[in-house]
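This report describes one protein model, going from a single strand outward to the sheet, the core and the confidence of the prediction. The sequence and structure come first.

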Amino acid sequence: MRTRAAAGVVLLSIGAVLPSCGPEQPARKPETHTIVMEGVAFQPASLTVAVGDSVVWVNKDPFPHTATSKGVFDSKEISVGKSWQFTPGATGELPYVCAYHPTMKGVLRVTAAGDARR
Ligand SMILES: [Cu+2]
């Protein structure tokens, strides 16, 4: 009996919390974030985005780079002046490098759409 009562309390409290979540969070529009490849570095090297956002790498160096996160995404070669876009479909922390310059490192942190920091 005690267990049953406790379960009832938990269910009630969840029911009380849920309705207030919905209307207060308007649908978030996907944003576009730009990472510049310049001086053999990703700028910013660390970026937090939301699932569904667009991330665009732009190569401003006078030689090619890549944005490569093993098993997740790979831009292949981004030529001088070119760009490449990736839209993360799942949350997670995605370290990536340039395949040509192993010292060139970045990390893309992907949060749920509702959690994204502005
Ligand atoms: Cu590079």
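## The two faces of E4

Strand E4 has two unlike sides: Val-55, Trp-57 and Asn-59 lie on its covered face, while Ser-54, Val-56 and Val-58 lie on the uncovered one. In a regular strand, side chains alternate between the two faces of the sheet. The model is predicted.

## Overall make-up

The protein contains 1 helix and 9 strands. Along the sequence these follow the pattern α-β-β-β-β-β-β-β-β-β.

Of its 118 residues, 19% count as buried. Among contacts with a separation of 6 or more, 48% are between residues 24 or more positions apart.

## The four-stranded sheet

E4 belongs to an open sheet of 4 strands, ordered E2-E1-E4-E7, with mixed pairing. The edge strands are E2 (42-43) and E7, each of which pairs on one side only.

E1 and E4 run parallel and are joined by 6 bridges. In this pairing, Thr-32 stands opposite Ser-54 in E4. E4 and E7 run antiparallel, with 4 bridges between them. Here Trp-57 stands opposite Trp-84 in E7.

## The nonpolar core

Which residues of the largest nonpolar core touch the most other members? They are Val-49, Val-55, Trp-57, Ala-67 and Leu-108, out of 16 residues in this core. Two or more residues each come from strands E1 (32-37), E3 (46-50), E4 (54-59), E7 (83-86), E8 (92-97) and E9 (105-111).

Two of those residues, Val-55 and Trp-57, are on the covered face of E4. Leaving out residues up to four places away in sequence, Trp-57 touches Ile-35, Met-37, Ala-67, Ser-75, Ile-78, Ser-83 and Trp-84. Trp-84, the residue opposite Trp-57 in E7, is thus also among its contacts.

## Two residues compared: Pro-88 and His-33

Pro-88 sits in the loop between E7 and E8. Is Pro-88 buried or exposed? Pro-88 is buried, because 21 other C-beta atoms lie within 10 Å and the cut-off for burial is 20 or more. Not counting residues up to four places away in sequence, Pro-88 touches Val-49, Val-51, Leu-108 and Val-110. Val-49 and Leu-108 are also among the core residues that touch the most other members. The C-alpha atoms of Pro-88 and Val-55 are separated by 8.1 Å, although the two residues are 33 residues apart along the chain.

His-33 is found in strand E1. His-33 counts as partly exposed because it has 15 C-beta neighbours inside 10 Å, a number between the limits of 12 or fewer for exposed and 20 or more for buried. Apart from residues up to four places away in sequence, His-33 touches Leu-47, Val-49, Asp-53, Ser-54 and Val-55. Its C-alpha atom is separated by 6.1 Å from that of Val-56, 23 residues apart along the chain. Val-49 is a contact of His-33 and of Pro-88.

## Confidence

The average pLDDT of the protein is 84, and 74% of the residues score at least 70. Over residues 5-18 the pLDDT is below 50, and this stretch has 0 contacts in the model beyond near neighbours in sequence. Where pLDDT is low, the predicted coordinates should not be read in detail.

Key
Residues are numbered from 1 along each chain as its sequence is written. This is a predicted model: local features need pLDDT of at least 70, side-chain atom pairs count only at pLDDT 80 or more; totals for chains, interfaces and linings use all residues. A nonpolar core is a set of buried Ala, Val, Leu, Ile, Met, Phe, Trp, Tyr and Cys residues joined through C-beta atoms within 7 Å. Two residues are in contact if their C-beta atoms, placed from the backbone, lie within 7 Å. Two strands pair if DSSP finds at least two bridges between them. pLDDT is the predictor's confidence in each residue, from 0 to 100.
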